[in-house]
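Me: Could you take a close look at one loop in this model for me? I'd like to know what its backbone is doing and how it fits into the rest of the chain.

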Amino acid sequence: MFSRNGRKSNGEERHMLWNANITINEARGDTLNTPTAHYLIANNIIETDASQIAAIRVDTRPDLSDIVIRGNLLIGENKKILVEGPRSTEVIVSENNNRESE
């Protein structure tokens, strides 16, 4: 369960948008060089409030691959799954309950 998890300050650049419960994007200063690939976000309860940009946010990059978001229950004031970037059509989003269309 993720309950209002991502209420952080945002900057103006895309990699600085962190106020979704779950965010997958490029993190500058990531010493581990974490890839934007091979993620399964499934079977969670995700609660948001109105101040959050989305319940889940994915900012795709050219090297993105294998991201699936399915079977999550979205509750609260913002039930969006926001997928942006050059390979956004390659993120599989399915069977999420109460999801707002984006």
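Reply: Sure! Let's start with N43, which sits in the loop between β3 (37–42) and β4 (45–48). Keep in mind that this is a predicted model, so treat what follows as a description of a prediction.

What is special about the backbone here? The phi of N43 is near 60°, and that's a positive value in a residue other than glycine.

Next up: is N43 buried or exposed? Its relative accessible area is 67%, and the cut-off for exposed is over 50%, so N43 counts as exposed.

There's another residue to put beside it. D66 also has a positive phi without being a glycine, with a value near 55°. The setting is another matter: N43 is in a loop, while D66 lies within strand β6, which covers residues 65–70.

Now zoom out to see what surrounds our loop. The chain has 9 strands and 0 helices, so if you read along the sequence you just get β-β-β-β-β-β-β-β-β. The strands on either side of N43, β3 and β4, belong to that run.

As for the chain as a whole, it has 102 residues, and 38% of them are buried; N43, as we saw, is exposed. The chain exposes about 5900 Å², with carbon and sulfur atoms supplying 45% of that area.

Finally, who touches whom? Take the contacts in the chain with a separation of 6 or more: 67% of them come from residues 24 or more positions apart.

Methods: Residues are numbered from 1 along each chain as its sequence is written. This is a predicted model: local features need pLDDT of at least 70, side-chain atom pairs count only at pLDDT 80 or more; totals for chains, interfaces and linings use all residues. Side-chain values use heavy atoms; hydrogens and water are left out. Helices (H or I, at least four residues) and strands (E, at least two) are DSSP runs, numbered from the N terminus. Buried means under 20% relative accessible area, exposed over 50%, partly exposed in between (1.4 Å probe, protein chains only). Contact means heavy atoms within 4.5 Å. Accessible areas come from the Shrake-Rupley method with a 1.4 Å probe; for residues, only the protein chains shown count as cover.
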